[in-house]
Amino acid sequence: MRASSPAAPARARRAAPCAVARRRSAGAPPRRAAAAGAAAAAPMPDGAALVLVPPGAARRELEALLAAGAGPALRRRVYLHLAAAPPRGAGGADRRLLEWLAELYAAVGALDPRLDVVPCLACAGWDAERLAALPDLQALLAHPAAAEQARALAAQRNARAAPGAALQAEVVALPPEPAAQEVEQPEQAEQAPQAQPPPQPQSQQPRSTPQQQALPQAAPPPQEERELLFDRVAVGGTFDRLHAGHRLLLAATALVCRGQVFVGITSDALLAAKANRALLHGYDARRGAAVDFLALVRPGLAVSWGALADPQAPTQAELDPGMQALVVSQETLPGGEAINAGRARRGFAPLALVAVGLVGGAAKLSSTALREADAAAAAMAAAGGRSAGGVRDG
């Protein structure tokens, strides 16, 4: 993340409680989100699906549920709610939740990297009332373990729905669990039972001291259960063709922040040498897509942004003494450590570095690959058009 200059002002806004973006095609720039009221006044022909999953859903189950949510016509968005999840304290995430988030977006990447999947979690303010008020739902789907909650949510939504707009909760048929392969165990020789040591006489057993009889103090929670929640969080990236890897990074950012997020977006000038430059989305479109997604994950989140225009300039995360955390990928973790080194030179406290994994593993999902795919598709379409245009009647 690089700021355009130390004095460059960052723009900010308060996100709408439930911003809803209109459909965008794979190659078209994303449009800015509309307010929930405006979206409700203009129903979209290609709405979204809400999918309820239990916390322990397996990867294959997530993929099946996401495929059902996208539907054969590829709905533009899938909201995914973690049903019956345990309360998360003051509204933050922990390592286990971030690991689940990574598993979710790995499933998205395997299905369709560009599918707009929005995690709607209780720790970010998504309760039944807010879920029932989503204005653009075409389907309400559930894992079999979340069927009762889905039916209750459908009844709550339908109680105030317009005539003909009622939704029925549908339980998704999941693929069977793969059969476990039986491993033949070698036969073991029968062993004689081992003699047990005789019990100690009562006089030889250690006695408890008064200090030992006191109530034990509660141990701190394990590292994976400690809540990650900050008032000021930074994140940065290019965010071209928002894909599953971007959404993992941004969703993690929203889930660990209860106050204000600063988003650094790479300027158009820094991308001039990128492959398929003509297909790159402009700065405003990329900024809008990132900011709107953050607002969907945590309604009401305050978001500010700035252009990353100079690779040599210090970042906003480095210059802001009040910044508390930086969300990075495993790939950009060294950059976060460099930012902390710069903060140390300025006498600022180090940032908590929240690192998420890479979607796709070694074959990392990237906007460059998606642009290449779009360029190839455009070339094939153009070739087909020229071929069709050159055919003449006998």
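**Figure 1. Burial and fold of the whole chain.** Of the 394 residues in the protein chain, 41% count as buried. Keep in mind as you browse these views that the model is a predicted one. The protein chain contains ten helices and eleven strands. If you look at contacts in the protein chain between residues at least 6 apart in sequence, 81% of them join residues at least 24 apart.

**Figure 2. Strand β2, seen with its neighbours.** Here we visit β2, which spans residues 48-53. Six of its six residues are buried, so the strand is largely enclosed by the rest of the structure. The side chains divide between two directions: A48, L50 and L52 point one way, while A49, V51 and V53 point the other way, and all are buried. Two neighbours pair with this strand. With β3, the pairing is parallel and runs over six bridges, and V51 has L80 of β3 as its bridge partner. To get from β2 to β3, the chain passes through helix α2 (residues 59-70), and this β-α-β crossover is right-handed. With strand β5 (residues 137-142), β2 is joined by five bridges, again in parallel. On that side, L50 stands opposite L140 of β5.

**Figure 3. The aromatic pair of Y79 and W126.** For this view it helps to recall that a pair of aromatic rings is described by the distance of the centres and the angle of the planes. The count of aromatic pairs comes to one. In it, the ring centres of Y79 and W126 are 6.4 Å apart and their planes meet at 45°, so the pair is tilted, since that angle is neither under 30 degrees nor over 60. Y79 belongs to strand β3 (residues 77-82), whereas W126 is in the loop between β4 (116-120) and α4 (128-132), so the pair ties together parts that are 47 residues apart in sequence. How accessible is Y79? With 0% relative accessibility, Y79 counts as buried. W126 is buried too, its relative accessible area being 1%.

**Figure 4. Two arginines over aromatic rings.** Let's stay with W126 for a moment: R130 lies over its face, 5.9 Å from the ring centre. Elsewhere in the model, the charged end of R247 sits over the ring of F293, at 5.8 Å from the centre of that ring.

**Figure 5. Cysteines and the disulfide count.** A disulfide is a covalent bond between the sulfur atoms of two cysteines. How many disulfides does the structure hold? The number is zero. Two cysteines are worth locating in this view. C123 is buried, with a relative accessible area of 9%. C257 is buried as well, with a value of 0%.

**Figure 6. The β10-α9-β11 unit.** Strand β10 (residues 325-329) pairs with strand β11 (residues 352-356) in the parallel sense, over five bridges. Within this pairing, V327 stands opposite V354 of β11. Together, β10, α9 and β11 make a right-handed β-α-β unit. Helix α9 covers residues 333-345 and is home to E337. Is E337 buried or exposed? E337 falls in between: its relative accessibility is 47%, so this residue counts as partly exposed. From the C-alpha atom of E337 to that of P350 the separation is 9.1 Å, and these two residues are 13 apart along the chain.

Terms used
Residues are numbered from 1 along each chain as its sequence is written. This is a predicted model: local features need pLDDT of at least 70, side-chain atom pairs count only at pLDDT 80 or more; totals for chains, interfaces and linings use all residues. Side-chain values use heavy atoms; hydrogens and water are left out. Rings of Phe, Tyr and Trp (its six-membered ring) pair if their centres lie within 6.5 Å; planes under 30 degrees apart count as stacked, over 60 as edge-to-face and the rest as tilted. Helices (H or I, at least four residues) and strands (E, at least two) are DSSP runs, numbered from the N terminus. Buried means under 20% relative accessible area, exposed over 50%, partly exposed in between (1.4 Å probe, protein chains only). A charge sits over a ring if NZ of Lys or CZ of Arg is within 6 Å of the ring centre and within 35 degrees of the ring normal. A disulfide is a pair of cysteine sulfur atoms within 2.5 Å. Two strands pair if DSSP finds at least two bridges between them. A crossover is right-handed if, with the strands pointing away from the viewer, the path from the first strand over the helix to the second runs clockwise. Contact means heavy atoms within 4.5 Å.
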